[in-house]
Amino acid sequence: MSTTIVTDSTAYLPEGFAERHGIRVVPLHVAVDGRSKLDGVDFGPAELAAALGEHRRVTTSRPTPGELAEVYRSVLAEGAEAIVSVHLSRELSGTWEAARLAAEEVDPTRVRVVDSRATGMGLGFAALAACAADGDGAFAEEAAAAAASRVKMFFCVETLDHLRRGGRIGAAAALVGTALAVKPILHVDDGRIVPLEKVRTLSRAIGRLVDLAASAAGSGPVGLAVHHLAAPERAAELATLLDERVPGSTGCLISEVGAVIGAHTGPGVLGVVVLPGGVS
């Protein structure tokens, strides 16, 4: 059975991956001082970093059910017999709900929707696992869900203010982090962004990201990815340390995040995504 995988722009797959694997990417919406843009289409990481540096207001929102339904109909009209639509955590966005409504409208027997309980390459690895599943839509859905259940995500930010303003973390936690001038390390736990540790310097934060990733990876094959915003040198350093520390890695992917993640984390964010077992 011919199955097409659909995901959203918060997967932040490395350049060329979506095309190579035949994945359809639906952009989320971005508004800069009220002017509408599309994440990854006409508003990318460079534009985001510039807007945040100028203290412009950047907000994000989900694609509409109608936009997703239009994509599903187009994919089916092109010859796909089934669609597996994998999206960022419903705890972080209404995108999963929009996809569910669109699937009901188009054909719920042919369009299956998966909540990755993650974002970034946590979502990206789940979509790639669905692509690697050689079978019908049900098998691809199962592969995506299985990969999503194994993903671990850790990241550090320069400040918690962006997460606080976006409602992704409580004001009390943000205030403590700012008052102590620490580098917060956070992780994604059951689809939510949760503080994990506090360290005093960036170098210690990078070291802890490596430690946490190595522990999560185990001794077998593993998928690794590093995310950043406007910090390419730090991202490259982190990726090199991970490849040296994690024996099961076949090469750490590096991808810069766009507006939907970056607007809530701010420039300088560094993240590590770990998929024990890799994409099979």
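In which helix does Ala-102 have its place? In this predicted model, the place of Ala-102 is in helix α4, which covers residues 95-106. The residue is buried, and its relative accessible area is 0%. Setting aside neighbours within four places in sequence, Ala-102 is in contact with Pro-65, Leu-68, Ala-69 and Tyr-72. Another partner for comparison is Leu-76, which sits 26 residues away along the chain; here the two C-alpha atoms are separated by 13 Å.

From this single residue, the view can be widened to the nonpolar cores. The largest nonpolar core has 52 residues, and within this core Ile-5, Leu-13, Leu-48, Val-58 and Val-86 touch the most other members. Helix α5, made of residues 121-132, supplies the largest share of this core, with eight residues. A second core, separate from the largest one, has 24 residues, and Val-199, Leu-209, Ala-217 and Leu-270 are among them.

Leu-13 gives a good idea of the contacts made by a well-connected core member. When residues up to four places away in sequence are not counted, Leu-13 touches Ala-18, Ile-23, Met-121, Gly-124, Leu-128 and Ser-255. Ala-127 offers another view, this time from within helix α5. With a relative accessibility of 0%, Ala-127 counts as buried. Beyond residues up to four places away in sequence, Ala-127 touches Ile-5, Thr-7, Ile-23 and Val-86. His-21 makes an instructive pair with Ala-127: they are 106 residues apart in sequence, yet 9.6 Å apart in space from C-alpha to C-alpha.

Strand β1, residues 3-8, can be followed through Thr-4, which has its place there. Is Thr-4 buried or exposed? The relative accessible area of Thr-4 is 16%, and because buried means under 20%, Thr-4 is buried. With residues up to four places away in sequence left out, Thr-4 touches Gly-22, Arg-24, Val-75, Ala-80, Ala-82, Ile-83 and Val-84.

Helix packing comes next. Two packed helices are described by the angle between their axes and the distance between the axes. For α5 and helix α6 (residues 137-150), the axes come within 7 Å and cross at roughly 150°. The crossing in which α5 passes α6 is right-handed. On the α5 side, the contact is made by Phe-125, Ala-126, Ala-129 and Ala-130, and on the α6 side by Ala-140, Ala-143, Ala-144, Ala-147 and Ala-148. Sorted by class, the residues in this contact of α5 with α6 are nine nonpolar, no polar and no charged.

A further pair is formed by helix α9 (residues 202-217) and helix α10 (residues 232-245), which pack at an angle of about 40° with axes 10 Å apart. This crossing is right-handed. Leu-202, Ile-206, Leu-209, Val-210, Asp-211, Ala-213 and Ala-214 of α9 meet Arg-234, Glu-237, Leu-238, Leu-241, Leu-242 and Arg-245 of α10. What classes of residue does the contact of α9 with α10 have? There are nine nonpolar residues, no polar ones and four charged ones. Leu-209 therefore deserves a second look, because a residue can take part in a helix contact and also be a member of the second core.

The cysteines were examined too. Across the whole structure, a search finds zero disulfides. Why does Cys-156 have no bond to Cys-252? The closest cysteine sulfur to that of Cys-156 belongs to Cys-252, and because the two sulfurs are 14 Å apart, they are too far for a bond; a disulfide needs sulfur atoms within 2.5 Å. Cys-252 is likewise in no disulfide. Cys-156 is buried at a relative accessible area of 2%, and Cys-252 counts as buried at 14% relative accessibility.

Finally, two backbone angles stand out for inspection. Asp-33 is not a glycine, although its phi is positive, at about 50°. Asp-33 lies in the loop between β3 (29-32) and β4 (35-38), and is partly exposed with a relative accessible area of 46%. Asp-190 also has a positive phi, near 50°, in a residue other than glycine. The place of Asp-190 is in the loop between β9 (183-189) and β10 (192-199).

Technical notes: Residues numbered from 1 in each chain as written. Predicted model: local features only at pLDDT ≥ 70, side-chain atom pairs only at ≥ 80, totals over all residues. Heavy atoms only, no water. Core = buried A, V, L, I, M, F, W, Y, C linked by side-chain atoms within 4.5 Å. Buried < 20%, exposed > 50% of the residue type's maximum accessible area, 1.4 Å probe, protein only. Helix = DSSP H or I, 4+ residues; strand = E, 2+ residues; numbered from the N terminus. Contact = heavy atoms within 4.5 Å. Axes fitted to C-alpha atoms, helices over the stretch in contact; angles between N-to-C directions. Left-handed = near helix turned anticlockwise from the far one by under 90°. Nonpolar A, V, L, I, M, F, W, Y, C, P; charged D, E, K, R; others polar.
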